[in-house]
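Student: Please put the model on the screen, and then I'll ask about whatever catches my eye.

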Amino acid sequence: MSIKLSDFIIVNGHQYPAPKYYPNFQVTTATNAARNAANKVVGQKLSRDNYKIDSLEWPYLDAEIWSTMLQEFDKNFFSSVRFWDMVNNKWRTLTMYCGDRTADVFKIDSSGRPLAYINCKMNLIDAGW
């Protein structure tokens, strides 16, 4: 089965296959805030917003492609990730790291070596710089 690569998410200059569902984009604003005596919020934004690309999932990947994707994060804990920034409505590149990665073995050869995986999942988390 041939997997088509996409510009949807690019890690360290490498294209990934388009995910099954569009991922969940999260934007977190770090603040130093509290409520005053009048119960009104007072505070300030501490730095730029942080991003998380959650729920990246591929329904089927052959073992070679999945391994190549995973090795990118094994070689580089922090990676350059290009993705669509929903806040600014344009492409953005940030330094991110990969959270948990999971997959189910789908197909094995006669020696028990996995040839393909299903339900391949990962998330990418903003390193903050």
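Student: How many disulfides does the structure hold?

Tutor: The structure holds zero disulfides, where a disulfide is a pair of cysteine sulfur atoms within 2.5 Å. Before we go on, please keep in mind that this is a predicted model, in which local features need pLDDT of at least 70 and side-chain atom pairs count only at pLDDT 80 or more, while totals for chains, interfaces and linings use all residues. Residues are numbered from 1 along each chain as its sequence is written, and side-chain values use heavy atoms, with hydrogens and water left out.

Student: Why is there no bond at C98?

Tutor: The closest cysteine sulfur to that of C98 belongs to C120, and it lies 12 Å away, so it is too far for a bond.

Student: And are C98 and C120 buried or exposed?

Tutor: C98 is buried, with a relative accessible area of 6%, and C120 is buried as well, at 0%. Buried means under 20% relative accessible area, exposed means over 50%, and partly exposed is in between, computed with a 1.4 Å probe on protein chains only.

Student: Switching to the largest nonpolar core: which residues touch the most other members?

Tutor: They are W58, M122 and L124, out of 26 residues in that core. A nonpolar core is a set of buried Ala, Val, Leu, Ile, Met, Phe, Trp, Tyr and Cys residues joined through side-chain atoms within 4.5 Å. The elements that give two or more residues to it are β1 (5-11), β6, α1 (63-75), β7 (79-85), β8 (90-98) and β10 (114-126), and the largest share, six residues, comes from β6. Helices (H or I, at least four residues) and strands (E, at least two) are DSSP runs, numbered from the N terminus.

Student: What does L124 touch?

Tutor: Not counting residues up to four places away in sequence, its contacts include I9, Y51, L56, F73, V81 and M96, and C98 is also one of them. Contact means heavy atoms within 4.5 Å.

Student: OK, polar side chains now. Where is D85, and is it buried or exposed?

Tutor: D85 is in strand β7, and it is buried, with a relative accessible area of 1%. Its side chain makes a polar contact of 3.0 Å with that of Y51. A polar contact is a pair of N or O atoms within 3.5 Å; within protein, one must be able to donate a hydrogen and the other to accept it, and residues adjacent in sequence count only if both atoms are side-chain atoms. Leaving aside neighbours within four places in sequence, D85 is in contact with Y51, K90 and R92.

Student: What about E72 in helix α1?

Tutor: E72 is buried too, at 8% relative accessibility, and its side chain makes a polar contact of 2.7 Å with the side chain of N12. Among the residues that E72 touches beyond four places in sequence are V11, H14, Y16 and S79.

Student: And where is the place of D49?

Tutor: D49 is in the loop between β5 (41-45) and β6 (50-62), and it is buried, with a relative accessible area of 16%. The side chain of D49 makes a polar contact of 2.7 Å with that of T29 and another of 3.3 Å with that of K45.

Student: How many residues of β5 are buried?

Tutor: The number buried is zero, out of five residues, so the strand lies largely in the open. It pairs with β4 (residues 31-35) in the antiparallel sense over five bridges, where two strands pair if DSSP finds at least two bridges between them. The two strands form a hairpin with five residues between them, and N39 in the turn has a positive phi of about 65°.

Student: Last topic, aromatics: how many aromatic pairs are there?

Tutor: The count comes to nine aromatic pairs. Rings of Phe, Tyr and Trp (its six-membered ring) pair if their centres lie within 6.5 Å; planes under 30 degrees apart count as stacked, over 60 as edge-to-face and the rest as tilted. For Y60 and F106 the centres are 5.8 Å apart and the planes at 90°, so the pair is edge-to-face. This pair links distant parts of the chain, since Y60 is in strand β6 and F106 in strand β9 (residues 102-108), 46 residues apart.

Student: How far apart are the ring centres of W84 and W91?

Tutor: Their centres are 5.1 Å apart with the planes at 90°, so that pair is edge-to-face. W84 is partly exposed at 30%, and W91 counts as partly exposed at 37%. Ring pairs also link F77, F78, Y97 and W129 into a cluster.
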